[in-house]
Amino acid sequence: MANMDNIIEPDRQGLWIAATFIIALLALVVAIVGVTRTNDLTYMTQTELLLINDKIEAIQTGAPPAAAPAATQE
């Protein structure tokens, strides 16, 4: 029976290490992009909720609602 201690052939071990390193770097980049997008989405959602809260408070107190920023008007 063949010795199965090392599945990767010794002459191709460097290639496997390089390929694994590149895949790990790609996974890191994808994770960083995902965290950044989630952070941006969370910030936008919280901003919208604060604007909605201001409108609700204005309606409850009877005061006219504050003007929305130009970026949110369509």
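Student: Where is the place of T36 in this model?

Tutor: Keep in mind that we're looking at a predicted model. T36 has its place in helix α1.

Student: And how many helices and strands are there in the protein?

Tutor: One helix and zero strands. That helix, α1, takes in residues 13-61, L28 among them.

Student: How do I check the span of α1 against its 49 residues?

Tutor: Take a rise of 1.5 Å a residue and compare the expected span with the distance between the end C-alpha atoms. Here the expectation is 72 Å and the end C-alpha atoms sit 72 Å apart, so the two agree.

Student: What follows α1?

Tutor: G62 does, and its phi is positive, near 85°.

Student: Back to T36: which backbone oxygen lies 2.8 Å from a polar atom of its side chain?

Tutor: That's the backbone oxygen of I32. As for cover, T36 has a relative accessible area of 41%, so it's partly exposed, given that this class runs between 20% and 50%.

Student: What share of the protein's 74 residues is buried?

Tutor: Just 1% of the 74 residues. The accessible surface of the protein adds up to about 7,000 Å², with 67% of that belonging to carbon and sulfur atoms.

Student: Which residues form a nonpolar patch on the surface?

Tutor: F21, I22, L25, L26, L28 and I32, which together have about 600 Å² of accessible area. Take L28 as a sample member: its relative accessibility is 48%, so it counts as partly exposed. For patch membership, the relative accessible area has to be over 30%.

Student: Now charges. How many salt bridges does the count come to?

Tutor: First the general idea: side chains of opposite charge can pair when their charged atoms come close. In this structure the count comes to one salt bridge.

Student: Which residue forms a salt bridge with E9?

Tutor: R12 does, with the closest N and O atoms 3.9 Å apart; the cut-off is 4 Å.

Student: Are E9 and R12 buried, exposed or partly exposed?

Tutor: E9 is partly exposed, because its relative accessible area is 45%. R12 also counts as partly exposed, at 49% relative accessibility.

Note on methods: Residues numbered from 1 in each chain as written. Predicted model: local features only at pLDDT ≥ 70, side-chain atom pairs only at ≥ 80, totals over all residues. Heavy atoms only, no water. Patch = residues over 30% accessible without salt bridge, like charges linked within 9 Å, V, L, I, M, F, W, Y side chains within 5 Å. Areas by Shrake-Rupley, 256 points an atom, 1.4 Å probe, with all protein chains shown as cover. Salt bridge = Lys/Arg side-chain N within 4 Å of Asp/Glu carboxyl O. Helix = DSSP H or I, 4+ residues; strand = E, 2+ residues; numbered from the N terminus. Buried < 20%, exposed > 50% of the residue type's maximum accessible area, 1.4 Å probe, protein only. Polar contact = N/O pair within 3.5 Å; in protein donor to acceptor, adjacent residues only side chain to side chain. Expected span 1.5 Å × (residues − 1).
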